[in-house]
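Here are my notes on this entry, for checking against the coordinates. They take the interior first and the nucleic acid second.

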Amino acid sequence: MTFSKKLINWYSVNKRDLPWRETKNPYHIWLSEIILQQTQVNQGLPFYDAFITNFPSVFDLAAAEESEVLKLWQGLGYYSRARNLHASAKYVVNELDGVFPNTYKDLLKLKGVGDYTASAIASFCFNEVAPVVDGNVYRVLSRYYGIDTPINSSKGAKEFKALAQELIDVKNPSDYNQAIMEFGAIQCKPKSPECVVCPFQESCVAFNTNRIGELPVKIKSAKAKKKYFNFLVFIDDNGNTLLEKREGKGIWQNLYQFPLVESKSNLDADAFETELQAHDLVKGQAYKWSQYNKEPIVHKLSHQHLYTTFWVVNIKALKTEVIPVGRIRDYAVPILIGNFIESFNF
DNA sequence: AACCCGGGGCT
DNA sequence: AGCCCAGGGTT
């Protein structure tokens with residue numbers, strides 16, 4: 001039996017019941033694939049349900065405000081996915097009369113849809129022979145064929161894509177694509193793969209040469225930089241606080257946060273006092289402050305480790321646009337801020 | 001080709 | 001705290 005036939009058989013027996021497997025609706029599939037980028041099924045599931053409920057059609061999503069989409073995305077991370085999702089929904093509605101693109105080539109024109117996602121939608125919804133190469137596929141193929149080209153190199157990307165193109169079942173591209181990814185997700189796992197009960201054991205190069213733990217090969221990424229964040233949690237005499245929208249290019253674009261003072265290292269009380277006195281929002285006014293967390297909260301992102309301290313600043317009045325503390329949960333915030341809001345007794 | 005973009009889980 | 005996981009976009 002061919003590799004692809006064997007995979008599809010395995011899939012028919014072992015596949016999980018997942019909501020996006022009950023539909024061929026390209027809008028639903030697109031939504032699920034964007035949510036599942038860099039995200040485990042268990043983490044993405046509740047977000048998929050929430051998006052389907054709040055935006056049943058691409059027209060509903062296109063009609064929403066970006067702030068609403070980001071609020072629903074809160075906690076999932078990689079927020080450019082939400083911004084691109086919303087922009088692409090508007091594109092589909094305004095430029096394509098709400099008709100979803102139905103080829104790999106046209107799907108690629110959507111913001112946030114790259115090679116993997118275009119292949120997934122084209123094959124799942126329209127039976128196009130477009131092989132997917134995601135993290136699972138890299139792992140399965142590198143092990144089964146004993147390929148040690150780094151998967152995150154351009155050479156690796158080409159090599160694995162070409163191999164996937166050869167292997168795909170042209171009669172059933174949808175099931176083949178789903179099968180190889182599902183196999184990587186629940187059988188040929190990164191850690192402790194189930195080789196003992198694997199139907200490919202006999203012909204798997206990595207298993208037979210004892211290299212399961214070494215494959216796939218990946219080029220190490222740079223170490224995360226440390227940053228020191230001080231958030232100013234203002235509370236005025238009328239029960240208002242202050243949030244600012246993050247603009248520009250860095251992390252959390254278009255999300256909200258408490259006014260931020262970045263420092264070179266963790267600030268002690270004296271150093272913070274100096275910073276605060278010089279701050280535009282408090283200059284020349286009476287205030288009282290307290291340090292919310294003694295030890296910095298370490299929030300880890302792929303490329304940054306954020307050593308974070310929340311400073312609660314009581315002040316008579318804020319000379320700028322304020323937010324009643326009761327409204328604070330209306331704003332999309334990074335989970336680091338969200339966790340603080342949930343634990344702080346406003 | 002190198003770097004940026006979040007968050008969660010496991011040890 | 002240190003490690004792993006996982007697509008797309010930008011420079």
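1. One cavity of 30 Å³ or more is found in the structure. The model is predicted, so please read every value here as computed from predicted coordinates.

2. The largest cavity holds about 140 Å³ of space. Its lining comprises 16 residues. Nearest its centre are Phe183, Cys188, Cys198, Cys204 and Ile212. Start there when you inspect it.

3. Which helix gives the most to the lining of the largest cavity? It is α9, residues 135-144, with three residues.

4. The lining of the largest cavity counts twelve nonpolar residues, two polar and two charged. Cys is classed as nonpolar here, so Cys188, Cys198 and Cys204 fall in that class.

5. Now the DNA. Strand B is surrounded by 22 residues. Tyr79, Ser154, Ile251, Trp252 and Ser302 are the closest. By class, this surface has eleven polar, eight nonpolar and three charged residues.

6. Sugar or phosphate accounts for 59% of the DNA strand B atoms within 4 Å of the protein. Bases supply the rest.

7. Three polar contacts deserve a look on screen. His299 places a polar side-chain atom 2.9 Å from a phosphate oxygen of DNA strand B. Ile251, listed among the closest residues, has a polar backbone atom 3.3 Å from a phosphate oxygen of the strand. Gly75 also uses its backbone: an N or O atom lies 3.3 Å from a sugar or linking oxygen of DNA strand B.

Note on methods:
Residues numbered from 1 in each chain as written. Chains lettered and ligands numbered in written order. Predicted model: local features only at pLDDT ≥ 70, side-chain atom pairs only at ≥ 80, totals over all residues. Heavy atoms only, no water. Near = heavy atom within 4 Å. Polar contact = N/O pair within 3.5 Å; in protein donor to acceptor, adjacent residues only side chain to side chain. 1 Å grid on protein atoms, 1.4 Å probe; cavity = no way out; pocket = protein on both sides within 12 Å on 5 of 7 lines; lining within 4 Å. Points joined across faces, edges and corners; volume = space filled by probe spheres on them. Helix = DSSP H or I, 4+ residues; strand = E, 2+ residues; numbered from the N terminus.
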